[in-house]
Amino acid sequence: EKRSKVKSRIIASALKDLIAQCEDVFIMGHKRSDLDCVGAAVGMLRFCKMCKKPASIVVNRRQSFAANLIREFEKAGFGDDFISPEQAENSITKDTLLIIVDVHMPQMLESTQLYEMAANVVVIDHHRKGVGYIDNSVIFYHEPYASSASELVTELVQYAGGEKEDKMTPLEAQDLLKGEAEALMAGLMLDTKNFTMRTGARTFEAAAYLRRMGAQTQEVKKLFCDTLESYTHKAKLVAAAQVYERCAISVSDDVPADMMVGVPQAANDLLSISGVDASFVAVDTGNGINVSARSMGDVNVQIIMEQLGGGGHLTMAGAQLRDASLKETKQRLMDIIHEYRENQRAEARGPKNRA
């Protein structure tokens, strides 16, 4: 880890000043938002509330992979905190601050139009910076050494200050302990694969803080639960996989739109197979091909996904292809993986052998 908490304090202070100058705040993540994206957004919502400023989370609920988390907030009576991109686009003003979390590429935003309409933008992300990133932000808090966006936001919340009653506290809903702390903990657990990947001392410090704030890990685990139908589709994706160059590849056009949450889960499950260093799951959504990629660290799936027009992180990435069939996507994946492996083998041989 190469960052210090001094930077977190400075960013938190600058963010508080910026929020104080605006009229209201919109918080937005990437398309098909996951638990880290929505969890980080919920954390920033609490940050804004501690600054006594009205704020809303912009998310497309029908396409979100964090639907379980959003439903828990709706049950607790906080459904109004989540608005659609259309609602945000109709109510944004020149005095609105837009906070973008878990993404820094304009084409991957939940609403590119909302970003273009915003006069003031803040970016908080942990993915490796790609070409064409958002370059007009007032604050660009980018830390690729962090495990997740939720980790970054958790640190910021600790320095938000505010009155005692504004401190992050869990919500009571149907005798279940729910709240912002658990939302952030879910994001941490997702991006670290239950604290097994990309974890550092700062990651566990953030988790310890969330636990003190009331996050219950057994309740957080329930946010990852599937329906039987979703689990069945996920099992089909795993069963259809073939291993190529120690990479598991699965393609399908038989996954309903409301079962897309099983796609990244299937990619995670494929990593548990012996002899598999990385996994790629491609599905036809009807509007294009969605690819989810996961790795145990030996394969940089971000580099592979970037060649398909996507991006992400070393061990977790994705891409969306508009003008390609499943057969073409699979062949492109195999070609890219072969080239990647050839480069690895060339590096292993050393410069003398390459010459």
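## Exercises on a predicted model

The buried residues of α11 pack against α10 (228-239), β10, β11 (278-284) and β12 (289-295), where contact means heavy atoms within 4.5 Å and buried means under 20% relative accessible area with a 1.4 Å probe and protein chains only. This is a predicted model in which local features need pLDDT of at least 70 and side-chain atom pairs count only at pLDDT 80 or more, while totals for chains, interfaces and linings use all residues. Residues are numbered from 1 along each chain as its sequence is written, and side-chain values use heavy atoms, with hydrogens and water left out.

**Exercise 1.** Determine how many of the nine residues of α11 are buried, and which they are.

*Solution.* Helices are DSSP runs of H or I with at least four residues, and strands are runs of E with at least two, numbered from the N terminus. Seven of the nine residues of α11 are buried, so this helix is largely enclosed by the rest of the structure. The buried residues are G262, V263, P264, Q265, A266, A267 and L270.

**Exercise 2.** Place M260 in the chain, and decide whether M260 is buried or exposed.

*Solution.* Begin with the location: M260 sits in the loop that runs between β10 (247-252) and α11 (262-270). Next, take its relative accessible area, which is 4%, so M260 is buried. Finally, look at the surroundings: leaving aside neighbours within four places in sequence, M260 is in contact with R32, F65, V255, V283, D284 and T285. The C-alpha atoms of M260 and Q63 are separated by 8.3 Å, although these residues are 197 residues apart along the chain.

Conventions
Buried means under 20% relative accessible area, exposed over 50%, partly exposed in between (1.4 Å probe, protein chains only).
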